[in-house]
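Trainee: I would be grateful for a close look at a single part of this model. Please examine one residue and its surroundings, and then set that part in its wider context.

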Amino acid sequence: MNPASTQNNALREFVDNLKSAPRRMYETAFRGGAPTTDRSRSTFVFGNVFLHLHAVRTHRWSLKWTTTVGLGIMSLSAFLITLVTGVLLMFYYKPSPEAAYASIKDIHFVVPTGRLIRNLHRWAANLMVVAVILHMARAFYTGAYRPPREYNWLIGIGLLVTTLGLSFTGYLLPWDQLAYWAITIGANIAQSPREVTDALGITEYFDPGGLQRLLLLGSDTVGAEALIRFYLLHVMILPLALAALMGVHFWRIRKDGGMVRPADADERLSKMKQGETYPVFTEAPNKTYQLAAVVRGKTAVVGRGPENTVPSMPHLFYAELGVMMLTLLACVALSMVSDAPLKELANPSVPENPAKAPWYFLGLQEMVSFSAFMGGIGIPAIVLAGLALIPYLDREKEGTGEWFGGPGGWRLVKLSMLIGFGAPLAIESFAIRFGWLREWFPKIPQLIVTAINPATILTAVYALYSIWCIRRYGSARSGALGLFTCFLCGFLLLTIIGTYFRGPNWVFYWSPSEWPKH
Amino acid sequence: MKENKHLLLFSSLGVLLLLLGAAFEEMVLKDWRRIQGRARSDEGAVTVQLRQIVNASLGVSDRCVSCHVSMGPGEQGVRGDKILVAHKPVVHDPAEYGCTVCHGGQGQATDKEDAHGKVHFWPSPMLGRETSYAGCGRCHATLRVPEQEQMRNAELAFERLDCLTCHRVEGRGGTIRPGGGGMEGPELSRAGLKGYDGAWYGKHEKKSAEAAAGPWKGAFSRVPADDQGLLKIYLDTRVAASRLVTAKSVFFSYGCLGCHKVSGVGGDDGPDLSRAGEKDPGQVSFKYVPGEATMENWMAAHFRSPVSVVAGSQMPPENISTQQLNQLTLFTLSLRRDELRDQYLPKDRARAVKFGEREFATDGATLFGAFCAGCHGQDGQGRRLPGLMSFPSITNADFLALAPDEFLARTVREGRPGRKMPGWLKEGGLRQEEIQAVVAHVRTLGGPAEASTKPARWVSGDAAQGRRIFESACSGCHGKQAKGGEGPALNNKVLLESATDSYLVETVSRGRRGTAMASFLEPSPVRGALSRAEIEAVVAYLRSLQGGKS
């Protein structure tokens, strides 16, 4: 061949390559081609870095709306919304006491769509707290913490704490009166071990409360140090921690065999009307594409036929995207209706009265009003420890995968709700009407008040009730059902009291209109 | 499995709809879009767009012209709605200066409530009609403003002398010559800013003498020297904002600067007022303020009764009319400050900041009104205020007779350490010649000092005897070791250093009429008389306190 024709060939090849570049770019990006067959659907899932945390096939039971109510995805979606809007807000936000408030004003009034983005951030954050708590309740009531998912339950508790931390640290950033005094209250809650060390007279030598507060604020009062700490926690440390925990959480779902379901799920499904699905094994391939995942314990697919599974692509993704869009819809709608609050510039010399913590801590603040140590540290620690212990104390099998499954079931939960609401209502009414030890015996040692106060009595009532449940039904699950229901109800009730019925100096009022004018 | 698909479809559509709705609201329903939609210029409809005035030097980017279109650059002819009208003619063309520089409010907002700053927690809402001149204070500092009586007299003189026949001031007066040719005399609204011919009176007289007929002959007559002084005050303070200047003269009449500093001059007992007009309504309490939560109402209520608006305030309520109260409010609101580039630094502010010219006139009466009247009273007769030691009368004839000028000047210069009276030279920021002017003014209020040939220190009494006498006769009022009680402390370093022996001896001997201090040469129902020698012993004792103290 002469050099000229070689050159011509090379040139032609180059032109051909150039022509086919877009097509090949597409092919390299979407390797499996359009996901039209089971095989290509599977490749679509495990070939994609974002989707491969999912199994390629999903059990029908998992797709039932009543199985999860979409709460996990809702939490994730809310997080994603806060992530995107949060990064956008960071373009304008300046974390210094002099500039923070003005930059929020700018975001609110000047930055195009800034108001909407800030509202979205705020609503998604609140929705995330609600969704995470409800998600935990769903996991509990369907027994999803049972083996092999115990560890994921623990990760979930970590996620709950991190979510509250994220929300709390974000609260200070606007640097307005609301933020300033809410964080002051929050920091004082962190300092509550002092109640005990003060009572013992050892604060001088051993002051974990003061240390906690100091670590949180970086100084004695809420100021520039606290702002930069909260900012860093809010935009860097806690989101990274949350992302890491989420990664583990999702990965564990996959490893633990997907969503929890009853042992007889397949049987029950066969009795139900089958929804239309995309054809299974359409191309009649000569081998199966089921992934033999190496997982511990019994799993959804190993050793069983894939009858009741459907390809994750598209069935699972419709469901997930659907919930995501629904979450976004809720956030956008709320953002258009209600603006995120922004009060006047923080003023350390003018305390808000009542100064209230963020709403999800108002239950704690209510308990703190009885005893700082018990409300701020003691009872939250007991609750967290109790939640963490649930999967290790309840080793039963009955009712796994079913709502309110276990001895007693829905009836027990209803009774527990009665106790869960009734007990705190009674104790609060008594304390509000008649006062407590400190009012009756002004000189009583503080340690006695710390040990015996409405909050500890409520905790004791719940614990005793739970023990009664265990004896009555002969089942640890029943005890857990009782205690968890009581905890949820108590949390709700105390939060409502703290939010709506506490006025200046944390005095009880039927409505804010009765608050003294000055 | 269709449900999930539908869920995705409908929630996505929902989000899309909401976002479209938001976009629709932003792009179609906005007030400024509808207002501009009605607007017409000579060429027909105007382009509907977000309009703004940008002036980087002033830090302004005001979108107010999105509704007030005709106030924008090159948009004078736009009409079609009341809101579109052009600004009335002003020196500071809004097309260049923007709106918020003078009026306040949030220039970057694009709906009415936010832009006018009437929203909750907005730090600098728009100034109201009544207080709109307060905006001038952001850049301007009118100089040499006298206290209210002189101001009033100056205004009256200008009217009384019929200057308005030929001259126009802020829309009044001035005869327009028939058939064009403008006014008889130049417009004087801004004489204080632009400057004027200092030899105007001589020229007026000359022209009047030369004229055979016409306004120079008929409308001009001789002006007495006193009135010429008043006219000078009047002209110096013409800055096209007479309401603000009058308000400032009221501020310089109630001794506000005795306790408050403005631009580095004044006492330290109250808060610095240099930027009091920028107070954020979100940062003050409206609990005891009647009416709408505006700074105007807050200040009015505060001047009426300071302690009921600001808990613990020691500021005395003044007995003033509602008009004066509103004037004080207007002036206080004008206490704003902007860091201006030289290009925009007005002459008056430059003269005040760079050359140290005073915003108050430096005659004795104005200085007394601005710095002394708050504590020593309008006529220097002293004052008793709840919770405070009484402030002495400084125009008492007995006192002035014994107090030489140097004693008064030194007292003003150095103050009374430990009491409310600050040292006006260093702490208060007054100058030597201003202090001299105050002393001279106090003389005109009270009376002259007696001539004395004695040296400053001549007493040679027995201090130990004096102490015994002091404890029986004086300490009832002046306290143990003269530390003060109902009567003033006498162990004060500056007092003892500046007071001559004659002053002390004669004050004890003659007493001070109008006060609790009686003549000690005369017996009273409760004590016997003191002899001259005994009085000198007491003074010797006081002198011994000075030695121990200083």
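Mentor: In this predicted model, B:Asp162 counts as partly exposed, because 13 C-beta neighbours fall inside 10 Å, and a residue is called buried from 20 such atoms upward and exposed at 12 or fewer. The backbone at B:Asp162 deserves attention as well: phi is positive, about 60°, although the residue is not a glycine. Most residues other than glycine have a negative phi. As for its place in the chain, B:Asp162 belongs to the loop that runs between H6 and strand E5 (168–169) of chain B.

A second residue of this kind is B:Glu170, which is likewise not a glycine and has a positive phi of about 45°. B:Glu170 sits in the loop between E5 and strand E6 (172–173) of chain B. With 14 other C-beta atoms within 10 Å, B:Glu170 is partly exposed. Strand E5 thus borders both loops, the one with B:Asp162 and the one with B:Glu170.

The helix that leads into the loop of B:Asp162 can be described through its packing. Helix H6 (residues 148–160) of chain B and helix H10 (residues 225–236) of chain B have axes that come within 8 Å and cross at roughly 105°. Angles from 65 to 115 degrees count as roughly perpendicular, and H6(B) is therefore roughly perpendicular to H10(B). On the H6(B) side the contact is made by B:Gln150, B:Asn153, B:Ala154, B:Glu155, B:Ala157 and B:Phe158, and on the H10(B) side by B:Asp227, B:Leu230, B:Leu231, B:Ile233 and B:Tyr234. By residue class, this contact comprises seven nonpolar, two polar and two charged residues.

The wider frame is the domain assignment of chain B, which lists domain 1 (38–126), domain 2 (148–238), domain 3 (244–354), domain 4 (364–445) and domain 5 (463–549). Between the centres of domain 1 and domain 5 of chain B, taken over C-alpha atoms, there are 69 Å.

Another helix pair in chain B can be set beside H6(B) and H10(B). Helix H16 (residues 364–376) of chain B packs on helix H19 (residues 432–445) of chain B at an angle of about 95°, and their axes are 8 Å apart. This angle makes H16(B) roughly perpendicular to H19(B). From H16(B), the residues B:Gly364, B:Ala365, B:Leu367, B:Phe368 and B:Cys372 take part, and they meet B:Glu434, B:Ala437, B:Val438, B:Ala440 and B:His441 of H19(B). The residues of this contact are seven nonpolar, two polar and one charged.

For chain B as a whole, the secondary structure consists of 23 helices and eight strands. Its radius of gyration is 32 Å, well over the 24 Å that the globule rule gives for 550 residues, so chain B is more spread out than a compact globule. Along the principal axes, the C-alpha atoms of chain B fill a box of roughly 110 × 95 × 40 Å. Of its 550 residues, 40% count as buried. Among contacts in chain B between residues at least 6 apart in sequence, 64% join residues at least 24 apart.

Chain A completes the picture. Its secondary structure comprises 21 helices and two strands, and its C-alpha trace spans about 105 × 60 × 45 Å along its principal axes. Of the 518 residues of chain A, 42% count as buried. Contacts in chain A between residues at least 6 apart in sequence join residues at least 24 apart in 77% of cases.

The two chains touch through 27 residues of chain A and 23 residues of chain B. On the chain A side, helix H14 (residues 312–337) supplies the largest share, 12 residues. That side divides into 18 nonpolar, six polar and three charged residues.

Helix H14 of chain A also contains A:Pro314, and the peptide bond from A:Met313 to A:Pro314 is cis, with omega near 10°. A further cis peptide bond, with omega about 5°, links A:Pro147 and A:Pro148. A:Pro148 lies in the loop between helix H7 (114–141) and helix H8 (150–172) of chain A. Most peptide bonds are trans.

Technical notes
Residues are numbered from 1 along each chain as its sequence is written. Chains are lettered from A and ligands numbered from 1 in the order in which they are written. This is a predicted model: local features need pLDDT of at least 70, side-chain atom pairs count only at pLDDT 80 or more; totals for chains, interfaces and linings use all residues. Domain bounds come from an automatic or database domain assignment. Two residues are in contact if their C-beta atoms, placed from the backbone, lie within 7 Å. Helices (H or I, at least four residues) and strands (E, at least two) are DSSP runs, numbered from the N terminus. Ala, Val, Leu, Ile, Met, Phe, Trp, Tyr, Cys and Pro count as nonpolar, Asp, Glu, Lys and Arg as charged, and the others, Gly among them, as polar. Axes are lines fitted to C-alpha atoms, for helices over the stretch in contact, and angles run from 0 to 180 degrees between N-to-C directions. Angles under 35 degrees count as roughly parallel, over 145 as roughly antiparallel, 65 to 115 as roughly perpendicular and the rest as oblique. The radius of gyration is taken over C-alpha atoms; the globule rule is 2.2 Å times the number of residues to the power 0.38.
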